[in-house]
Amino acid sequence: MVTAAVFLRSFAHGFLEEETLILQRELVVLRDSAVTGLSKAADGLAEENAKLKYRLQHLKRCLQQEEQKGMNIGKPMKSGMVNINSRVHDIFKQATAQAFPDLIDPPVVVTPSQQAHFGDYQYNSSMAIAQLLKSGGKPMSPRDVAQAISSHILSNDIIDKTEIAGPGFINVFLCKDFIIRLLRNLLCDGVLPPSIPKKLKVVVDFSSPNVAKEMHVGHLRSTIIGDSLCRLFEFVGHDVLRLNHIGDWGTQFGMLIAHLQDKFPNYLNVSPPIQDLQAFYKESKKRFDEDDIFKQRAYQCVVNLQSKKPDFITAWNLICNVSRCEFQKIYDRLEISLIERGESFYHDMMGDVLKMIEEKGLLVEEDGRKLVFVPGQPAPLTVCKSDGGFTYDTSDMAALHHRLFEERADVVIYVVDSGQSSHFQTIFGAARMMGWYDPEATRIEHVGFGVVLGEDKKKFKTRQGDTVRLVDLLDEGTTRAMNKLKEKERDKALSSEELAAAQRAVGYGCIKYADLSHSRNNDYVFSFDKMLDDRGNTAVYLLYAYTRIRSITRVANAGKADLQKAAAETDILLDHKKELKLATAILRFPEVIEKLIAELLPHTLCDFLYEMATTFTEFYDACYCVEKDRTTGEVIKVNTSRLLLCKATAMVMAQGFHILGLTPTERM
């Protein structure tokens, strides 16, 4: 039920907005009239103009005060953690509008401060606004701009103080009580995602290996990045559909089926013992290249398969199932879940899509092929070959249509290497020409990524020059992880179960994190030595940091229930500068998540986790949490407030790990 106060505020907000718009129109009319030469009324217009400006400014101030009341600045939102950067941004946006009402949509840039003595956040738009004022004939120095904006900051319980620095930067220092309140909410309510306007349907297309071929290092980035983005959207509360668009249809199945018929003629009655599908594929390809009679049979098998003759569908399913089993072993090891919807899923839809494109008048025939030209793209889509067959372009158009109209997706993400960028931009452009979606309402994006390089800076290969199999990569990762753990003599301190869990956490975690911690837009060098280093921005360093934090609570004999009770009852003190620095770092998590959703660059989260881990180390080195007797080792004092900071750090790190697909352990 809407309360009277809420209704009145809503009414006032609407009335003030309407009045503001009316006054703005009047000002424009008056200004235009003055310009056109109504000189006799110039003095009167100037006086009226001044009065209207005063009324407009007064109404704007009232409107902003109402908006600030509605925002409940400083009070945590029940449905999610507070994005402090966003709140500070809103405060400066209001102050800027009040200080410079004549500027239309002035820039407002607020960023976290890089050094503690510059405060917690920094406003960086004074120079840009000074340029706007100068171009408008009202020059003002950036420092004066900063002073004007600072003087118009409304009273709030977020900002403790501001300081003007250098040519016009405004350093922002947060209220300690505000930080403590948000920290307590985190400890009591858990790590909640920032609030979202509404729940969206998100489709993520990733991994996409080809049937009859082994997954290799080339599938690594799509699989890991795609899973992380799915976890991100799931965390904030969206409905996520994880799709594996495998290559399970096409002319290559003709030669595979023909080879199957020859090698296992009783395949319809006895399941063929295909142990090595890669070798099976190479055998069929060799025959296809060298034997013209076999090649003709293979083409006929394709025709029979596309005609869906039962025996050929059975053969096709047998081959696909062998691949599925091998793919699933990889996904299980990496703890990744997908729903398979290969090219075959969309095959029956392609004819309808072609008809739609033709009815829209977008088809151009050239040498028997049917093409779609998209303005600004270097090559057209080939949606129908000269022999009447469909192509990958047709398949991708059908897939996008299904995702938009059957799945009713609000967001569609394609996690495919950057080499396919032009292809996807052409697909998206064709879909817009068809009127399938409006970019302002539906987000469709190609999340590209660079290639994995060896330490010689060339494409990652085996010593024999072959593509590195993904299963071999994972095996080597876990082997090296165990060697690392034994080098640290962890095998003497951990049980066999704990050691195996640590091996998996480090072995798979180091491979995932090495990928995600680099900007996906760039190539990166794959090096086990670097990714297994326990120093620097690596999974090993972060996982060790997490287990060390968890061990502090064990040393303090503080159980989960004890910490939960302490979170509600204990005064959190942030008297030491390292305590305050850690608390502020922890609370940046929601703004990092929102930035990640906007940019889809997972290394942003990796950088944040590394910064938080190093900040925790600074805190732990300077502030005791558990005091022991130097002789007996007995715990004689526990600083509960600092123990809660340890708990909050571990909570945020654990959630960050989950989004990245890492599995931390309590002991390592």
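Two strands pair if DSSP finds at least two bridges between them. Keep that cut-off in mind for the strand stops below. The model on screen is predicted.

**Stop 1: the β8-β9-β10 strands**

Select residues 369-372, strand β9, and residues 381-384, strand β10. The two are joined by 3 bridges and run antiparallel. That count meets the requirement of at least two bridges, so β9 and β10 pair. Pick Val372 and look across into β10: its bridge partner is Leu381.

Now add residues 363-366, strand β8. Between β8 and β9 there are 4 bridges, again in an antiparallel arrangement. Glu365 faces Lys370 in β9. How many residues lie between β8 and β9 in the hairpin? There are 2. Label Asp367 in that turn; its phi is positive, about 55 degrees.

**Stop 2: the open parallel sheet**

Next, show β7, β6, β5, β11 and β12. These 5 strands make an open sheet in exactly that order, with parallel pairing. Which strands stand at the edges? They are β7 (339-340) and β12 (443-447). Each has a single partner strand, so one side of each lacks a neighbour in the sheet.

Zoom in on the β7 end. Strand β6, residues 239-244, pairs with β7 in the parallel sense through 2 bridges. Leu243 sits opposite Ile339 in β7.

Add helix α7, residues 220-235. This helix packs on the sheet and touches β5 (201-205), β6, β11 (411-415) and β12. Its direction makes about 165 degrees with that of β6.

Then bring up helix α14, residues 421-433. Helix α14 lies across β11 and β12 and runs at about 165 degrees to β12.

**Stop 3: helix α5**

Select residues 142-151, helix α5. Its buried residues are Val145, Ala146, Ala148, Ile149 and Ser150. What do they pack against? Color α3 (84-99), α4 (126-135), β2 (121-123), β3 (159-165) and β4 (169-174) to see the packing partners.

**Stop 4: the cores**

Stay on Ile149. In the largest nonpolar core, which has 137 residues, Phe92, Ile149, Phe526 and Phe589 touch the most other members. Helix α23, residues 640-660, supplies the largest share of this core, with 12 residues.

Center on Phe92. Beyond neighbours within four places in sequence, Phe92 contacts Val108, Val110, Tyr123, Ile149, Ile153, Ile159, Thr162, Ile170 and Val172. Apart from the largest core lies another, of 33 residues. Val353, Met397, Val416 and Trp436 are among its members. In soluble globular proteins, nonpolar side chains tend to be buried together.

**Stop 5: Lys295**

Move to helix α10, residues 292-306, and pick Lys295. Is Lys295 buried or partly exposed? Its relative accessibility is 23%, so Lys295 counts as partly exposed. Draw a C-alpha to C-alpha line from Lys295 to Met255: the distance is 7.2 Å, with the two positions 40 residues apart in sequence numbering.

**Last stop: the whole chain**

Zoom out. The protein has 23 helices and 16 strands. Of its 668 residues, 49% count as buried. The accessible surface is about 32500 Å², and carbon and sulfur atoms account for 51% of it. Turn on contacts between residues at least 6 apart in sequence: 73% of them join residues at least 24 apart.

Note on methods
Residues are numbered from 1 along each chain as its sequence is written. This is a predicted model: local features need pLDDT of at least 70, side-chain atom pairs count only at pLDDT 80 or more; totals for chains, interfaces and linings use all residues. Side-chain values use heavy atoms; hydrogens and water are left out. Buried means under 20% relative accessible area, exposed over 50%, partly exposed in between (1.4 Å probe, protein chains only). Contact means heavy atoms within 4.5 Å. Accessible areas come from the Shrake-Rupley method with a 1.4 Å probe; for residues, only the protein chains shown count as cover. A nonpolar core is a set of buried Ala, Val, Leu, Ile, Met, Phe, Trp, Tyr and Cys residues joined through side-chain atoms within 4.5 Å. Axes are lines fitted to C-alpha atoms, for helices over the stretch in contact, and angles run from 0 to 180 degrees between N-to-C directions.
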